[in-house]
Amino acid sequence: MPIFNWVALKPSQIDGTVFTELNDEKVLQELDMSDFEEQFKTKAQGPGLDISALKVKATQKAPSKVTLMESNRAKNLAITLRKGGRNIQDICMAIETYDQQALSLDFLELLLRFLPTEYEQTLIGKFEREQQPVEELSDEDQFMIRFSKIPRLAERMNVMIFLGNFNDTAQLLMPQLNAIIAASMSLKSSSKLRNILEIVLAFGNYMNSSKRGAAYGFRLQSLDALLEMKSTDRKQTLLHYLVRVIMEKYPELTGFHTELHFLDKAGTVSLDSVLQDVRSLQQGMELTRKEFMRQDDSIVLKDFLKVNLEVMEKLQADSKTAKEAYESAVEYFGENPKTSPPTTFFPMFMRFIRAYKKAEQDIELWKKQEAAAKKAESSPPGSEEQPELPIQKAKRQQMDMIAELKKKQMVKEPLIYEGKDGAIEDIISALKTVPFTARTGKRSSRLFCDVSFNEESPL
């Protein structure tokens with residue numbers, strides 16, 4: 001017969017597969033293979049194959065081990081055990097003694113998925129009743145048998161995971177609860193915020209008086225509309241106008257936001273999730289307490305309860321306070337706690353505060369611009385002092401020095417017309433007597449020279 005080119009599995013590869021359930025020898029015995037040989041024989045076909053020779057294959061198969069777990073589940077358990085890096089006995093002993101140093105929290109959470117199922121428990125019980133040798137089981141099955149012998153296995157595993165998570169979870173929840181409490185109480189107790197809302201209500205009722213009846217209050221989302229309403233000249237919003245009024249008439253209200261605390265942090269808290277986490281911690285603490293009552297010789301459980309019972313009580317008290325404070329604040333401002341979570345409620349105030357501060361900055365800038373414009377209008381043209389350039393400064397200093405030198409020179413030397421020769425007086429007399437010429441507009445230089453320096457020459 002020709003060779004069928006397939007990829008055969010090794011005997012060690014068929015454990016837990018469909019091939020362990022197949023009996024091909026039975027099929028060969030039931031069928032007449034003579035026609036098949038005639039149709040597919042090669043030219044060099046030898047004598048017919050003895051079917052009994054195929055039975056040798058059965059003896060070559062590796063002995064099938066007894067399995068207590070489904071194959072994929074067993075593979076996943078094998079991967080998990082390799083991550084643990086410890087043998088079966090050490091793992092189970094650590095669980096029995098709540099040894100968190102021996103087993104990491106991640107490993108425990110992975111191992112929790114392999115708690116023995118009811119079907120596996122049945123197979124384990126049957127295996128033990130038949131007193132079959134444990135050596136025939138795979139490593140995963142051997143672990144499952146030892147794993148199932150731990151008393152209250154599920155409770156112990158959950159307690160160990162709770163012990164490992166408690167401190168981190170508590171430190172995460174406390175600041176969130178404190179933020180909700182502080183933000184809720186500061187909003188409700190702020191008198192400045194109440195007065196500002198009163199001013200907003202007054203202006204709103206005034207604007208709507210001709211078309212709508214007077215309102216007794218408004219939803220907080222209406223604060224966003226203060227930025228949408230613009231003046232007739234479109235240069236300012238209603239919020240700008242309100243801020244200007246508050247700055248001029250009610251200056252004591254300008255720092256109202258300093259009375260409000262932790263709004264930004266509280267606005268990121270999912271209160272329902274935090275309260276649920278606190279309840280989960282409380283359930284874990286109760287489970288730990290019950291385990292300690294069953295096994296009061298456990299030093300690990302005793303020390304944990306001694307240190308963390310007060311922490312748990314404070315978390316419970318804070319969660320109750322946070323829930324009550326938040327619901328009270330939401331209802332105080334006319335909102336519904338069921339439809340207004342902290343992630344919606346607190347950001348409405350945060351947006352209003354940011355817009356209020358921006359309006360204050362705009363108004364201060366406008367005031368400076370108006371003052372500068374008035375100063376420019378009241379000053380005469382060119383009166384504004386220009387900054388002196390370095391070249392101009394050097395030139396001015398040079399001119400001052402020359403003037404000073406001239407002044408000193410005139411003090412030290414007598415004036416020329418004080419001399420005895422009277423030359424300057426003669427020049428002045430000539431200037432007075434000689435007229436301008438019409439052509440040049442200048443006095444005759446000739447005459448000037450003759451009078452000044454050559455008195456003997458004829459005219």
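**Reading helices, a core and positive phi angles**

Mentor: Let us begin at the start of helix α4, where a side-chain oxygen of E70 reaches to within 3.1 Å of the backbone nitrogen of N72. Please keep in mind that this is a predicted model.

Trainee: Which atoms come together in this way at the start of α5?

Mentor: At the start of α5, the pair consists of a side-chain oxygen of N87 and the backbone nitrogen of Q89, and the oxygen reaches to within 3.2 Å of that nitrogen.

Trainee: How many helices and strands are there in the protein chain?

Mentor: The chain contains 18 helices and 0 strands. It has 459 residues, of which 29% count as buried.

Trainee: What should the 14 residues of helix α4 span at 1.5 Å a residue?

Mentor: Helix α4 covers residues 71-84, and its expected span is 20 Å. The C-alpha atoms at its ends are 20 Å apart, which agrees with that expectation.

Trainee: How should I read the pattern of burial along a helix, and which residues of α4 are buried?

Mentor: The general idea concerns the helical turn. An α-helix has 3.6 residues a turn, so residues three or four places apart point the same way. In α4, the buried residues are R73, A74, L77, A78, T80 and L81. Viewed down the helix axis, the buried residues of α4 fall within an arc of 165°, so they line one face of the helix.

Trainee: Which residues are exposed on the other side of α4?

Mentor: There, K75, R82 and K83 are exposed.

Trainee: Against what do the buried residues of α4 pack?

Mentor: They pack against four helices: α5 (88-96), α6 (105-111), α7 (118-129) and α8 (139-148).

Trainee: May we apply the reading to the next helix? Which are the buried residues of α5?

Mentor: In α5 they are I91, C92, A94 and I95. These residues cover an arc of only 155° around the axis, which puts them on the same side of α5. Their cover includes α4, α6, α8 and α9.

Trainee: How do I recognise a core, and which residues have the most contacts inside the largest nonpolar core?

Mentor: Here too there is a general idea. In soluble globular proteins, nonpolar side chains tend to be buried together. In this model, the largest nonpolar core has 87 residues, and those with the most contacts inside it are I95, L111, F147, L187, L263, F345 and F346. Helix α9 (residues 153-189) gives the most to this core, namely 16 residues. Both domain 1 (71-150) and domain 2 (184-343) contribute residues to the core, so it lies between them.

Trainee: With what is F345 in contact, leaving aside its neighbours within four places in sequence?

Mentor: Its partners are L187, L220, Y326, A329, V330, F333, E335 and S340. Two of these, A329 and S340, are instructive to follow.

Trainee: Is A329 buried or exposed?

Mentor: A329, found in helix α14, has a relative accessible area of 0% and is buried. Beyond its neighbours within four places in sequence, A329 is in contact with S184 and F345. The C-alpha atoms of A329 and A183 are separated by 9.1 Å, although these residues are 146 residues apart along the chain.

Trainee: Where is the place of S340?

Mentor: S340 is in the loop between α14 (299-332) and α15 (342-378). A loop residue may still be examined for burial: S340 has a relative accessible area of 5%, and, as buried means under 20%, it is buried. Leaving aside its neighbours within four places in sequence, S340 is in contact with Y326, V330, E335 and F345.

Trainee: How should I read phi, and what is the phi of Q131?

Mentor: The general idea is a rule with exceptions. Most residues other than glycine have a negative phi, and most peptide bonds are trans. Q131 has a positive phi, near 55°. It is found in the loop between α7 and α8 and is exposed, with a relative accessible area of 69%. R234 also has a positive phi, near 65°. R234 lies in the loop between α10 and α11, and at 58% relative accessibility it counts as exposed.

Trainee: What phi does Y98 take just after α5?

Mentor: Y98 takes a positive phi of about 55°. As for α4, it is followed by G85, whose phi is positive, near 70°.

Note on methods: Residues are numbered from 1 along each chain as its sequence is written. This is a predicted model: local features need pLDDT of at least 70, side-chain atom pairs count only at pLDDT 80 or more; totals for chains, interfaces and linings use all residues. Side-chain values use heavy atoms; hydrogens and water are left out. Helices (H or I, at least four residues) and strands (E, at least two) are DSSP runs, numbered from the N terminus. The expected span of a helix is 1.5 Å times one less than its number of residues. Buried means under 20% relative accessible area, exposed over 50%, partly exposed in between (1.4 Å probe, protein chains only). The arc is that of the directions from the helix axis to the C-beta atoms. Contact means heavy atoms within 4.5 Å. A polar contact is a pair of N or O atoms within 3.5 Å; within protein, one must be able to donate a hydrogen and the other to accept it, and residues adjacent in sequence count only if both atoms are side-chain atoms. A nonpolar core is a set of buried Ala, Val, Leu, Ile, Met, Phe, Trp, Tyr and Cys residues joined through side-chain atoms within 4.5 Å. Domain bounds come from an automatic or database domain assignment.
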